[in-house]
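Please open the model in your viewer and keep the sequence panel visible beside it. The tour below proceeds by selections, each followed by a description of what is found there.

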Amino acid sequence: MPKRSAGLLVYRRIAGEPEVLLVHPGGPFWAKKDDGSWSLPKGEYEPDEDPLEVAFREFREELGVDPPEARAPTFLGEVRQPGGKLVSAWALPGDLDVSVVRSNTFTMEWPPRSGRMGEFPEVDRAGWFDLETARMKLLRGQLGFIDRFSELLDGGSSK
């Protein structure tokens with residue numbers, strides 16, 4: 001059974017144009033990577049957990065702030081990432097000052113085989129991106145969410 005994750009695609013409009021909130025993974029492996037390395041705030045869940053509740057929990061853990069009030073999140077479906085993980089996401093309108101982002105941390109050996117353990121933020125920064133830029137920044141396996149979100153906007157159901 002593949003691992004599963006759930007996340008939120010929070011969006012806002014600036015001068016009428018949509019922007020989406022993405023997060024950049026923390027830790028030394030991702031430190032110098034930018035395009036193609038950002039993600040929706042998301043996290044893994046167990047089969048007995050509610051994916052939408054997990055998406056809200058993971059947002060809090062990765063950003064250190066509560067997600068926007070859950071008026072009516074729109075399910076964007078599920079995508080399979082290249083590694084096999086299935087990711088579910090919901091679009092949710094809201095706004096957030098990304099300068100206040102404070103992620104939880106994880107511990108790992110770094111450098112590899114050094115015996116030294118380091119503590120790193122799960123997310124080292126967050127940012128708002130227009131849809132074209134988001135397509136460049138986002139991990140390839142999550143691009144389907146931007147496409148689905150664009151379709152919602154074109155259909156007028158997410159105003």
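The tour begins with the whole chain and then turns to single residues.

**The whole chain**

Please note at the outset that this is a predicted model. Display the chain as a cartoon and colour it by secondary structure. Three helices and eight strands should appear. Followed from the N terminus, the elements come in the order β-β-β-α-β-β-β-β-β-α-α.

Next, rotate the chain along its principal axes. The C-alpha atoms fill a box of roughly 55 × 35 × 25 Å. The radius of gyration of the chain is 16 Å, which agrees with the value near 15 Å that a compact globule of 159 residues would have.

Now switch to a surface view. The chain exposes about 8,600 Å², and carbon and sulfur atoms supply 50% of this area. Buried residues account for 45% of the 159 residues. If the charged side chains are coloured, 21 positive and 27 negative ones can be found, and the centres of these two sets lie 5 Å apart.

How are contacts spread along the sequence? Of the contacts between residues at least 6 apart in sequence, 64% join residues at least 24 apart.

**Stop 1: strand β2 and its residues His24 and Glu19**

Select residues 17-25, which form strand β2, and show the side chain of His24 within this strand. Is His24 buried or exposed? His24 counts as buried because its relative accessible area is 0%, and the cut-off for a buried residue is under 20%.

Display the surroundings of His24 as sticks. Setting aside residues up to four places away in sequence, His24 touches Trp30, Lys33, Asp34, Ser37, Trp38, Glu122, Val123, Asp124 and Arg125. One contact deserves a distance label: the side chain of His24 reaches the backbone oxygen of Lys33 at 2.6 Å.

Remain in strand β2 and select Glu19. Glu19 has a relative accessibility of 16% and therefore counts as buried. Which residues does Glu19 touch, when those up to four places away in sequence are not counted? They are Val10, Tyr11, Arg12, Ile14, Trp128, Phe129 and Asp130.

**Stop 2: the loops on either side of β2**

Select Ala15, in the loop between β1 (4-14) and β2. The phi angle of Ala15 is near 50 degrees, a positive value in a residue other than glycine. Most residues other than glycine have a negative phi. Ala15 counts as exposed, at 77% relative accessibility.

Then move to Ala31, in the loop between β2 and β3 (42-45). Ala31 is partly exposed, with a relative accessibility of 46%. Draw a line from the C-alpha atom of Ala31 to that of Ser5: these residues are 26 apart in sequence and 23 Å apart in space.

**Stop 3: the loop between β4 and β5**

Select Gly83, which lies in the loop between β4 (74-80) and β5 (86-93). Gly83 counts as exposed, at 79% relative accessibility. Add Pro2 to the selection: it is 81 residues away along the chain, and the C-alpha atoms of the pair are separated by 9.3 Å.

Now select Gly84, also placed in the loop between β4 and β5. Is Gly84 buried or exposed? Its relative accessibility is 18%, so Gly84 counts as buried. From Gly84, measure to Met1, C-alpha to C-alpha: the pair is 83 residues apart in sequence and 9.6 Å apart in space.

**Stop 4: the loop between β6 and β7**

Select Pro111, in the loop between β6 (105-109) and β7 (117-121). Show the backbone and look at the peptide bond from Trp110 to Pro111, which is cis, with omega near -5 degrees. Most peptide bonds are trans.

Finally, select Arg113, in the loop between β6 and β7. What is the phi of Arg113? It is about 60 degrees, a positive value although Arg113 is not a glycine. Arg113 counts as exposed, with a relative accessibility of 77%.

Note on methods:
Residues are numbered from 1 along each chain as its sequence is written. This is a predicted model: local features need pLDDT of at least 70, side-chain atom pairs count only at pLDDT 80 or more; totals for chains, interfaces and linings use all residues. Side-chain values use heavy atoms; hydrogens and water are left out. Helices (H or I, at least four residues) and strands (E, at least two) are DSSP runs, numbered from the N terminus. The radius of gyration is taken over C-alpha atoms; the globule rule is 2.2 Å times the number of residues to the power 0.38. Buried means under 20% relative accessible area, exposed over 50%, partly exposed in between (1.4 Å probe, protein chains only). Contact means heavy atoms within 4.5 Å. Accessible areas come from the Shrake-Rupley method with a 1.4 Å probe; for residues, only the protein chains shown count as cover. Lys and Arg count as positive and Asp and Glu as negative; His and the chain ends are not counted. The place of a charge is taken as NZ of Lys, CZ of Arg, CG of Asp or CD of Glu. A polar contact is a pair of N or O atoms within 3.5 Å; within protein, one must be able to donate a hydrogen and the other to accept it, and residues adjacent in sequence count only if both atoms are side-chain atoms.
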